[in-house]
Amino acid sequence: MATLYIVATPIGNLEDVTFRSLRVLREVDWVLAEDTRRTRVLLDHFEIPQKPTSLHAHNEAGRIGAVLAALEEGKDVALVSDAGTPLVSDPGERLVAAVAEAGHRVEAVPGASALLSALTVAGFRTERVLFLGFLPRKVGARRKLLESQIGRPETVVLFESPHRVAKTLCDVVDVLGDRGACLARELTKRHEEVLRGPASELAAALTEAPPKGECTLVIEGASEQEALDAVAWSDAEVNRALEERLAAG
């Protein structure tokens with residue numbers, strides 16, 4: 001049976017590629033890449049002669065038919081993103097859903113991930129983690145999403161633009177309080193940097209000296225007391241609930 005391989009690639013340091021990833025990229029009949037120029041650098045470095053075809057957010061739907069046809073012909077296909085693990089805040093979910101629904105095999109070839117890399121160096125609890133991807137650009141929508149995390153104990157991981165990361169941290173302080181935070185920037189690259197501290201301190205530092213490159217934010221989960229406070233009802237809420245129940249019989 002032909003297979004669609006979801007292949008993780010390095011997020012910076014090319015030494016992080018796996019032997020299996022290289023083998024699969026050499027052996028498949030077709031490589032789909034979010035940015036063919038970036039993927040070409042990886043392929044050329046390891047002397048893989050594949051010529052990748054673009055698959056990004058704007059053309060993914062239009063590629064599905066051709067991929068299904070290739071799989072029907074018994075051809076193996078590999079999907080890679082710009083860097084890291086495909087589908088993690090990157091295109092591909094519609095393709096995978098269509099391939100799986102058509103009855104073809106989908107196989108993960110795991111490897112580098114900015115999400116997991118940042119989480120492991122942050123120093124926060126890891127037994128329960130919530131990944132929010134990229135937060136909305138509009139302030140109102142961003143703060144509303146953060147409000148949904150009030151009182152929740154999960155460590156939060158999110159991606160953010162270097163131009164907005166300071167504002168996002170300010171929103172975190174306003175909505176969730178001055179929780180512990182970690183900014184992991186340019187992970188595995190030459191200028192890798194990991195900053196830890198209260199969200200307010202990181203916001204101030206990054207406002208004064210805006211970061212460059214790819215940023216992953218890790219936010220500490222709510223404390224036990226915060227979680228209890230979030231679910232506790234005020235006297236007014238108790239009275240209102242009683243009135244509603246009595247009115248309903």
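This note goes through the predicted model point by point, from the overall fold to individual residues.

1. Overall make-up. The protein has 249 residues, of which 41% are buried, and its secondary structure consists of 10 helices and 10 strands. Along the principal axes, the C-alpha trace spans about 70 × 55 × 30 Å. Among the contacts with a separation of 6 or more, 74% are between residues 24 or more positions apart. The exposed surface comes to about 13,600 Å², and carbon and sulfur atoms supply 52% of that area.

2. Helix α2 and its two sides. In helix α2, which runs over residues 36-45, the buried residues are Thr39, Leu42 and Leu43. Because these residues cover an arc of only 95 degrees around the axis, they lie on the same side of α2. Arg37 and Val41, by contrast, are exposed on the other side of the helix. The buried residues of α2 pack against α1 (19-27), β2 (30-33) and β4 (77-80), and a reader following the packing in the model may wish to begin from these three elements.

3. The ends of α2. At the N-terminal end, Asp35 acts as a cap, with a side-chain oxygen that lies 3.0 Å from the backbone nitrogen of Arg37. Just after the helix, Glu47 takes a positive phi of about 55 degrees.

4. Ser81. This residue is located in the loop between β4 and α4 (93-101), and with a relative accessibility of 2% it counts as buried. Leaving aside residues up to four places away in sequence, Ser81 touches Thr9, Glu34, Thr39, Pro86 and Asp90. One of these, Thr39, is also among the buried residues of α2.

5. A salt bridge within helix α1. Side chains of opposite charge can pair when their charged atoms come close. The model contains 18 salt bridges, and one of them joins the side chains of Arg23 and Glu27, with an N to O distance of 3.0 Å. Because Arg23 and Glu27 are four residues apart in helix α1, about one helical turn separates them. Arg23 is partly exposed, at a relative accessible area of 40%, whereas Glu27 is exposed, at 52%; the cut-off for exposed is over 50%.

6. A salt bridge with a buried partner. The side chains of Arg164 and Glu160 also meet in a salt bridge, at 3.3 Å from N to O. Here Glu160 counts as buried, since its relative accessibility is 3% and the cut-off is under 20%.

7. A salt bridge between two loops. The side chains of Lys189 and Glu214 meet in a salt bridge of 3.5 Å, N to O. Lys189 lies in the loop between β8 and β9 (193-198), while Glu214 lies in the loop between α8 (199-208) and β10 (215-219), so the pair ties together parts that are 25 residues apart in sequence. Both residues are partly exposed, Lys189 at 24% relative accessibility and Glu214 at a relative accessible area of 43%. The pair also belongs to a network of salt bridges that links Arg38, Glu186, Lys189 and Glu214.

8. Arg179. Where in the chain is Arg179 found? Arg179 is in the loop between α7 (165-176) and β8 (180-185), and it is buried, because its relative accessible area of 6% falls under the 20% cut-off. A polar atom of its side chain lies 3.5 Å from the backbone oxygen of Gln149. Not counting residues up to four places away in sequence, the residues that Arg179 touches include Gln149, Gly151 and Arg152, then Gly197, Pro198 and Ala199, and also Ile219, Glu220, Gly221, Ala222 and Glu226.

9. A nonpolar surface patch. Trp233, Val238, Leu242 and Leu246 make a nonpolar patch of about 450 Å² on the surface. Of these residues, Leu242 has its place in helix α10, which covers residues 235-247, and it is partly exposed, with a relative accessible area of 48%.

Key. Residues numbered from 1 in each chain as written. Predicted model: local features only at pLDDT ≥ 70, side-chain atom pairs only at ≥ 80, totals over all residues. Heavy atoms only, no water. Buried < 20%, exposed > 50% of the residue type's maximum accessible area, 1.4 Å probe, protein only. Polar contact = N/O pair within 3.5 Å; in protein donor to acceptor, adjacent residues only side chain to side chain. Contact = heavy atoms within 4.5 Å. Patch = residues over 30% accessible without salt bridge, like charges linked within 9 Å, V, L, I, M, F, W, Y side chains within 5 Å. Areas by Shrake-Rupley, 256 points an atom, 1.4 Å probe, with all protein chains shown as cover. Salt bridge = Lys/Arg side-chain N within 4 Å of Asp/Glu carboxyl O. Arc of directions from axis to C-beta.
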